[in-house]
Amino acid sequence: MGFLAQSTRPAVLTIGGQDFTSSFVSFNVSDTSAFKNGLLPTSGNLVLGQSPGQLEISSYSRDLFKRGTVVTLDMKNPDGTIYRHPRGYLYVISVAYSPENEQLDIALGCRIALAYLTEDVSEILPLVPISLDVARQTIQNCSASFSSNSQILYQDNQGNLVSRYLFGSNGLSLPSSEWVSILGETALSATPLQGASALPDVIKLSYSFPNGDGGLGGVDQTGRIDENRTLSRYFLTYPASTWVRKQKEICTDTDSSGKQVDIACVEPLPPIPRPIDKPSSTCGTPPPRPNRDGETGNSPSDTVPDILACNENWETKPSPQFMPANKLAIERTEYKGPSAQVSTTEVTTFGPAVEVNSQYYADVYAFCVSAYGIYCAPNGGCSFSGMESIEQVRSTTTYTYGSSNELVSTLQETFITELAVAQPFDWRSGLISGQPQDFRYLKADTMFRSQVVETTYKQSENTNLQTTTTWTSVATVNQTGIDTGNIDAMRGIKTVTERRSSTNIPLDLRPDTPNSPVTQTQEKSTEVVLFPSSYISPPTEAGPYVVDESIPVPLRVTFDARAGIVSRYEAYIKRLYQGDIRGMQISESMRPEIVSNWKPNTAFYFYDTANDALMLMQMDASTWGVTQDEALFTTSAIWIADSVGTPTVPSNLVGNSTPSEDGIGRLYGKNGAGEPVGPGPDPGPPECPDCSSGESYYEIVNVDMTLSTSAENYCNAYICFPQPEDQYPNIEFGFTFYVVGFIVGDGDVLETDRYGGLPVDYNGSLIVENATVVNPDLFSSD
Amino acid sequence: MLTVSISYTSQITPENVYDFTIDNFGDNAMPRSYVGEGDFTFSANGTSIISGPAYRRKYQWVISTMMIKADAVIFDKMFRDWDEDRSAGYAAACGIIDQTWGDPVSTNVIFLTPPVYTRLSPVDVSVNFGLQEV
Amino acid sequence: MTIASKVSATELNALVGNRYVDQYFEARLLNAPGVTYEPGVTGDSIMLDTEVAIGTGGYQRQTFGFTPSDLGIYADGGVPLAQKATVFAHDGGETPLDFTHVAICWSSGNVVTLGTPSATASMALGTYKSIPTSTAGSGTGLTLDLEVTDGSPLTYTFTIASPGTGYSVGDDLVIDNSTLIMYDPSANNGFIIPIDSVYTPAAGAAAPGQLFTVAKTASAVSLNSGNEAVFYWNLKQFGFYTTA
């Protein structure tokens, strides 16, 4: 008996379909651990050596094999049959030629490794078990989606992406062993996976799931339109000079000695209308007092009796006029760009016309007052024009994107009213360009393009170039007024600014996209007990040692599915933690039962013969090495469960015939006479048919008791009308006597019942015979 | 008589069965010995601590013998058949029965050191090789 | 991992029976506009300090107790107690009875048994319901039912209609002749009835006046014109189960 770990395995190597076996030096690839990883990329390297007369491998330009070229590695069984190495279908990622030792180092990776490189998740996204928000569709989140559902995705040795639960067939059950590793027999080495790290007692597992039906972010928001309206209500001071009539106050008096003294101000009684002095200035001054009888012009005359003035002891005083105003700002954003980026924004402001040119409205008012104002009615009944709401400013920005969704240019156009740039000579009377002109009323709602700003973004020669071209209307810049021909911005002043930057700091922020908001989620947590009683207290600091974990992606699934995912993830994280702590790093030769039908999470029994310890393990993060001499693998096996049973270790030796003890240099043919006893038939690999595994379960049971009290009131608004008093009716009883009978004569025919039947009482006949005839006049008074 | 008998049945068609019994050795040293050395230390309080592999020490044989040339040729063919099987991936091992001293030892061995042949005379060849218990 | 658990009907039955049966509670009206009672946050005593002053608009605390027959049958994961009603009636005066919350507190001094009347009026045969009583002690709210049965002499049997609150053993309950006349104009005297025993929460169970529950009305209530506010109380103990 005996077991020989035979690691010699001849290999066949092809790259891009060409046989490179004769140049093969070594092949080393590793799988990623499934510890909280959903995607398990495999990557490593292949070394080719130059051999005389073989294919050329030197490649200084590093392009001998293009990225994505398929590399296959097949192995030969002793009987000559060929099988694919478990990791024998990979792709070239890069090549590097070492001229000193004439070797070509080829970095290899599976499709998932390539996806990590290019961040192209188009092939993986349809496979993720928990859907991802649009903004979360990255390779890392794809991995998180698989791990959240306790699943793994790997590429098999035929190039297919395969997903499966990490533990068991459903993520919860115990996996079944597919091969047996025996320390001292088949295992080349076995070392603990971790040092003496502290054992967590409890894992606090939190998870999140969407509020309500999922909210924003679940769908592509391209085409969305946002609108923001801001309405302000406020008071503004009307720009014109307005006036009020006010009664004068007398604050001095003359005492008996004729001396003037201050007194408390009083209003004189009765008011005798009398004009006051005419103001002397012309601008911003009250209008002249009204003319009196016989008076011409505006000069007051002392000859006119005071009594004829409109208001004696009244004066005209300036009074600011406060007017209510509304302002509405509408900001409208359209997300019609690629990836729902902003395509246009438009900001429009509506407000009182007086705000765009207060001087104009002050003059309109003053002009009116000068025409209609009189001393006693200083405002002349003029209206406060310009308080109507007009479109004051409109600014639109258009975004243009390139083929890579990058921002190429923005164009901002600003429109304002002509009134806003009108100058006093546009409306005031006088000589304008030699032409006499009356007061000219302007339209408040005529708009023109006052400014255009075009910004372009480019990259040239490793520098970022931002060019800003601005056109501004001459009416804005030079205050030329509105009658100077075309005042459109494109006919105005042009300014170009160029900004060049070689830093990698983006010149401008990327425009908003509504795709970035992700699903609003709420969070819950649960506890997973790992190793109860793994500490003593005091000291109180000894425990419990709680590790916080969370399911990495929001669970955008139904309520029922969520419960399944959470319970699976509890088992997943528990097995990973426990399994990692009790894990072993085991090296084995590439025995047929291991490599045939291999999966990254293949389970196996590990048996320590010396300590008679049998445990169920699961392969994780294997490293595969193939050289000219040997083919081995090392797996970081995670512990699953302690098991019972005794594996059988059959001898795998061949050719070990028993010597006859008397032969000297004898060579026999097959089945020759007197030959040594042959080794017998192949007994097969080590097995453990009677081995079984169990699991320990630790559960936290919440016993929740709820006390419910409620107060009910059946009346309207808690107020009940008083109930009527109890009624006690008097019930009186009396007796009466009555008889029931037919008053018939012998031979009379009786009536049938309502259905035509014969009533039983009639004894089967409707004809009365031998009736006891009661006196028909029984109740007569006679 | 002190003998070491070795047999091998090749796996590659046609199967050949080899059978040798060696009864002469190049010196007085016993051909059978053990692999490795004991590892022994003392603990802090003087307790003796022995460590080593968790299995019984395996045997190894270093054999130097003289064969007639015809036998040596067959021996060499046995080695080549064994090595070919090994290189094909078989867990190829030879059967051995050692009756040099003590109780007979019957086990399986592989060639740890390929045979080295030295011509002694036109008919005699010295054959030196090492075997390792599996 | 956390898994669900359900509590047995027997356990819940015992829980409710031991805690609430044979205990007395009183309903109080609180006037705390804008206040939301948050257990553990809002101080219970602060909450109870907002009680409407007794006598305002005829306000009196209303008491009720649970008897063994009130213990319900396990259903829907819980054991209920029979519904109890508390009636707050406005006295018809000018002062309204304003409140925003209604609360239940553990009661004490609720009359459980009565002694033999020491003065006896003569009344016609019949049953007289909810006769108000007065006392020189501190108790309020006790009303009695009186059944006068035939015999020689007539038998006067008092039963407690409402146990009142705040009474002490030894206090005498007085029913004036003026009160009885409203029930039977021929009544010629009053009654004086001693109190034999009153309810006090068992030591360790609850303190007298301890807050049990607070319900906030949907809006502030103002009772006037003799109207009433009636609250029906439902109490149920659930052995709930959750998984998180």
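**Exercise 1. Find the bridge partner of C:Val111 in E12(C), then place the pair in its sheet.**

Step 1. In E12(C), C:Val111 has C:Val198 as its bridge partner. Strands here are DSSP runs of E with at least two residues, helices are runs of H or I with at least four, and both are numbered from the N terminus. This is a predicted model, in which local features need pLDDT of at least 70, side-chain atom pairs count only at pLDDT 80 or more, and totals for chains, interfaces and linings use all residues. Residues are numbered from 1 along each chain as its sequence is written, chains are lettered from A and ligands numbered from 1 in the order in which they are written, and side-chain values use heavy atoms, with hydrogens and water left out.

Step 2. E6(C) and strand E12 (residues 191-199) of chain C run antiparallel, joined by four bridges. Two strands count as paired if DSSP finds at least two bridges between them.

Step 3. The sheet is open and has four strands, in the order E6-E12-E11-E8 (chain C), with antiparallel pairing. Strand E6 (110-114) and strand E8 (134-135) of chain C each have a single partner strand, so one side of each is left without a neighbour in the sheet.

**Exercise 2. State the order of the eight-strand open sheet in chain A and explain why E13 and E26 each have a side without a neighbour.**

Step 1. The order is E13-E18-E19-E20-E21-E24-E25-E26 (chain A), and the pairing is antiparallel.

Step 2. Strand E13 (224-237) and strand E26 (493-501) of chain A stand at the edges; each has a single partner strand, so one side of each lacks a neighbour in the sheet.

Step 3. On average, neighbouring strands of this sheet are turned by 10 degrees against each other, direction ignored. The axes are lines fitted to C-alpha atoms, for helices over the stretch in contact, and angles run from 0 to 180 degrees between N-to-C directions.

Step 4. Take one pair inside this sheet. Strand E19 (residues 344-352) and strand E20 (residues 389-401) of chain A share nine bridges in the antiparallel sense. A:Thr345 stands opposite A:Thr397 in E20(A).

**Exercise 3. Trace the pairings of E4(A).**

Step 1. Strand E3 (residues 24-31) pairs with strand E4 (residues 42-49) of chain A over seven bridges, antiparallel. A:Asp31 stands opposite A:Thr42.

Step 2. E4(A) is also joined by seven bridges to strand E7 (residues 103-109) of chain A, again antiparallel. Here A:Asn45 has A:Ala107 as its bridge partner.

**Exercise 4. Describe the interface of chain C and chain A.**

Step 1. The contact (heavy atoms within 4.5 Å) takes 37 residues from chain C and 31 residues from chain A.

Step 2. The buried area is about 2900 Å², with 53% from carbon and sulfur atoms. This is the accessible area (1.4 Å probe) that the two parts lose on being put together, summed over both.

Step 3. Zero salt bridges are found across the interface. The rule asks for a side-chain nitrogen of Lys or Arg within 4 Å of a carboxyl oxygen of Asp or Glu.

Step 4. On the side of chain C that touches chain A, E14(C) gives the largest share, 13 residues.

Step 5. Strand E37 (residues 704-712) of chain A and E14(C) run antiparallel, joined by nine bridges. A:Met705 stands opposite C:Gly239.

**Exercise 5. Locate two non-glycine residues with positive phi.**

Step 1. A:Asp612 has a phi of about 50 degrees. A:Asp612 lies in the loop between strand E30 (603-608) and strand E31 (613-618) of chain A.

Step 2. C:Ser130 also has a positive phi of about 50 degrees. C:Ser130 sits in strand E7 (residues 126-132) of chain C.
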